[in-house]
Amino acid sequence: MVSDPLSFPCLLRPVASIRLIPSAVFFHVVVISVRRLRPPPPTVLARFHLGDMVDAWHNEGWWVGRYVRREGQKYTVFFENEAPANQHVSYPKSQIRVHQEWKELEEGGKWKYVKR
């Protein structure tokens, strides 16, 4: 039994090839412990330097990669171990952010900046 449960709906998109009910919206309820929730990381206004760890918004989630190049308004991120693994993908600046990691503390937790 999970203590302090919290549930929230997650929207599931039907697969086009097996749409049994046209324009149907499916929901799935996820239950997690409140202790596993954490606030979003604070916004950090910083210039990216080659090799910096960044988070990139990809496939409806944030993935960790390294900033490797800028071409005009596009920032290229290399993903080593994250999906899409071993790929270089370019993003607008609005889709990347400084990478931060959550550090669990006795009084809760805190986001810590990770440069390299």
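**Note on a predicted all-strand model**

1. Read from one end of the sequence to the other, the protein follows the pattern β-β-β-β-β-β-β-β-β. This is a predicted model, and a count of its elements gives zero helices and nine strands.

2. On the protein as a whole, buried residues make up 22% of the 116 residues. The accessible surface comes to about 8,900 Å², and 56% of that surface belongs to carbon and sulfur atoms. As for how the chain meets itself, 39% of the contacts between residues at least 6 apart in sequence join residues that are at least 24 apart.

3. A search of the whole structure for enclosed space finds one cavity of 30 Å³ or more, and the volume of the largest cavity is about 40 Å³. Which residues line the largest cavity? They are Ala 46, Arg 47, Phe 48, Asp 52, Met 53, Val 98 and Tyr 113. Sorted by class, this lining holds five nonpolar residues, no polar residues and two charged residues.

4. Gln 100 is a useful residue to look at next, and its place is in strand β8, which covers residues 100-105. Is Gln 100 buried or exposed? Gln 100 counts as buried because its relative accessible area is 10%, and buried means under 20%. The side chain of Gln 100 reaches the backbone oxygen of Pro 42 at a distance of 2.9 Å. Leaving aside residues up to four places away in sequence, Gln 100 touches Pro 41, Pro 42, Val 44, Asp 55, Trp 111, Lys 112 and Tyr 113. Tyr 113, which appears among these contacts, is also one of the residues that line the largest cavity.

5. Lys 112, one of the residues touched by Gln 100, is found in strand β9, which covers residues 108-113. Lys 112 counts as partly exposed because its relative accessibility is 38%, a value to be read against a scale on which buried means under 20% and exposed means over 50%. Apart from residues up to four places away in sequence, Lys 112 touches His 99, Gln 100, Glu 101 and Lys 103. For the pair Lys 112 and His 99, the separation is 13 residues in sequence and 8.7 Å in space, taken from C-alpha to C-alpha.

6. Taken together, the last two points describe a contact between residues of two strands, since Gln 100 lies in strand β8, Lys 112 lies in strand β9, and Lys 112 touches Gln 100. In the model, Gln 100 is buried, whereas Lys 112 is partly exposed.

Methods
Residues numbered from 1 in each chain as written. Predicted model: local features only at pLDDT ≥ 70, side-chain atom pairs only at ≥ 80, totals over all residues. Heavy atoms only, no water. 1 Å grid on protein atoms, 1.4 Å probe; cavity = no way out; pocket = protein on both sides within 12 Å on 5 of 7 lines; lining within 4 Å. Points joined across faces, edges and corners; volume = space filled by probe spheres on them. Nonpolar A, V, L, I, M, F, W, Y, C, P; charged D, E, K, R; others polar. Helix = DSSP H or I, 4+ residues; strand = E, 2+ residues; numbered from the N terminus. Buried < 20%, exposed > 50% of the residue type's maximum accessible area, 1.4 Å probe, protein only. Contact = heavy atoms within 4.5 Å. Areas by Shrake-Rupley, 256 points an atom, 1.4 Å probe, with all protein chains shown as cover. Polar contact = N/O pair within 3.5 Å; in protein donor to acceptor, adjacent residues only side chain to side chain.
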